[in-house]
Amino acid sequence: MKIIPLASESLGVRSLALYLKVGKTGILIDPGVALGPKRYSLPPANSEMKALALAREKIQEYAKKAEIITISHYHYDHHTPFFEGLYESSSVEKAKEIYTGKILLIKHPTENINNSQRKRAHEFLKNANPIAKKIEFADSRAFDFGNFTVEFSPPVPHGREGSKLGFVLMTLVDDGRKSVLHASDTQLINDKAIEWIIEKNPDVIFAGGPPTYLTHRVGNVRDIGIRNINRIIAETNAELIIDHHVVRDKGYEKFFEELDKRPLTFAEFLGKESAPLEAYRKELHKLEKGEDVELPKGVQKFLKELK
């Protein structure tokens with residue numbers, strides 16, 4: 001199995017897009033990308049917009065190679081919507097390019113879903129139904145493609161139990177030699193998600209970590225996240241790749257250091273240094289005004305490569 005992380009916070013954008021290739025079949029998981037419209041009361045910096053354009057190009061490129069596309073939930077950093085979106089780098093044309101002729105295995109649009117995502121799912125299906133090869137609602141189901149299976153968890157909370165953000169699906173791809181679990185926006189802070197992950201005991205886990213940058217709003221997710229991730233480390237032999245919400249926090253490295261085994265970010269899995277642009281948005285705006293700022297080496301490298 002070939003594993004290619006496509007976009008995430010450590011690669012400069014909001015996403016958890018992942019491409020897998022099993023034999024000749026490509027599987028694209030959560031093909032969305034976005035930028036936070038406001039962080040530190042600031043809009044995205046120019047460098048973030050450039051990173052968004054690059055991530056969008058990569059998602060479009062790998063969508064062409066994929067036969068199967070999975071969508072864990074209907075936030076725009078996890079699927080590409082059928083509208084012109086500035087901070088999603090989306091359009092009707094780009095969405096059609098991704099979904100036309102594909103097998104779509106997606107979160108149920110009306111069950112275990114909040115109002116916001118129900119509306120988004122309705123819009124998505126209205127446009128995707130005429131162009132997709134096949135659409136299956138994947139909650140709690142498994143699909144056998146001959147030389148590999150794709151299995152989905154029951155709907156689990158987007159974050160903590162009782163989250164107003166609704167529910168997500170986790171995705172497990174197993175070719176008999178290696179199994180990869182995409183834990184989506186569980187944030188590794190609810191028991192249902194942790195139990196399913198441990199039960200499946202995958203070889204590799206890609207997950208969004210807890211939103212420690214929002215502790216003032218969502219409570220002490222840091223300690224819950226450390227406890228749960230350490231449980232996964234103790235009860236599985238999985239290689240851990242953790243990114244997304246936690247990497248929006250400048251202190252994510254300290255969080256990683258508190259774990260019993262340090263995970264990788266998407267960037268590190270690819271052999272690169274992490275470039276969490278959103279976490280350094282204030283500094284990026286100052287830099288663009290010609291001011292001197294201190295930035296991590298990974299961010300500095302990323303900015304040079306953008307030029």
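## A walk through two sheets and their salt bridges

Let's start with one pair of side chains: Lys250 and Glu283 form a salt bridge, and their closest N and O atoms are 2.6 Å apart. A salt bridge here is a side-chain nitrogen of Lys or Arg within 4 Å of a carboxyl oxygen of Asp or Glu. Lys250 sits in the loop between strand E14 (239–243) and helix H7 (252–257), while Glu283 belongs to helix H9, so to speak a distant part of the chain, 33 residues apart. Glu283 is buried because its relative accessible area is 15%, whereas Lys250, at 37%, is partly exposed. For these words, buried means under 20% relative accessible area, exposed means over 50%, and partly exposed is in between (1.4 Å probe, protein chains only).

Before going on, a word on what you are looking at. This is a predicted model, in which local features need pLDDT of at least 70 and side-chain atom pairs count only at pLDDT 80 or more, while totals for chains, interfaces and linings use all residues. Residues are numbered from 1 along each chain as its sequence is written, and side-chain values use heavy atoms, with hydrogens and water left out.

Now for the strands. Helices (H or I, at least four residues) and strands (E, at least two) are DSSP runs, numbered from the N terminus. Two strands pair if DSSP finds at least two bridges between them. One open sheet is built from six strands in the order E1-E2-E3-E4-E5-E6, with mixed pairing. Its edge strands are E1 (2–8) and E6 (134–137), each of which pairs on one side only. From one strand to the next, the twist averages 15°. Inside this sheet, strand E3 (residues 25–29) runs parallel to strand E4 (residues 68–71), and three bridges join them. If you want to find one of the partners by eye, look for Ile29, whose bridge partner in E4 is Thr70.

There is another open sheet to find, also of six strands with mixed pairing, in the order E7-E8-E11-E12-E13-E14. E7 and E14 stand at the edges with a single partner strand each, so one side of each has no neighbour in the sheet. Here too the twist averages 15° from one strand to the next. Strand E13 (residues 204–208) and E14 pair in the parallel sense over five bridges, and Gly208 has Asp243 of E14 as its bridge partner. Is E14 enclosed or open to the outside? Four of its five residues are buried, so E14 is largely enclosed by the rest of the structure.

Next, the helices. Helix H1 (residues 46–65) packs against helix H2 (residues 92–99) at an angle of about 35°, and their axes are 8 Å apart. Axes are lines fitted to C-alpha atoms, for helices over the stretch in contact, and angles run from 0 to 180 degrees between N-to-C directions. On the H1 side, the contact is made by Arg56, Ile59, Gln60, Ala63 and Lys64; on the H2 side, by Lys94, Glu97 and Ile98. Contact means heavy atoms within 4.5 Å. These residues divide into three nonpolar, one polar and four charged. In that tally, Ala, Val, Leu, Ile, Met, Phe, Trp, Tyr, Cys and Pro count as nonpolar, Asp, Glu, Lys and Arg as charged, and the others, Gly among them, as polar.

Back to the salt bridges, which come to 21 by the rule above. Side chains of opposite charge can pair when their charged atoms come close. Arg39 and Glu278 make one such pair, at 3.1 Å from N to O. Arg39 lies in the loop between E3 and H1, and Glu278 in the loop between helix H8 (266–269) and helix H9 (281–288), so this pair ties together parts that are 239 residues apart in sequence. Arg39 counts as buried at 11% relative accessibility, and Glu278 counts as buried at 6%. Lys107 and Asp139 meet in a salt bridge as well (3.2 Å, N to O), and both residues are buried. Glu9, Asp77 and Arg248, meanwhile, are linked in a network of salt bridges.

Finally, look at Lys200 in helix H4 (residues 191–200). Lys200 counts as partly exposed, because its relative accessibility is 22%. Leaving out residues up to four places away in sequence, Lys200 touches Glu151, Leu172 and Leu181.
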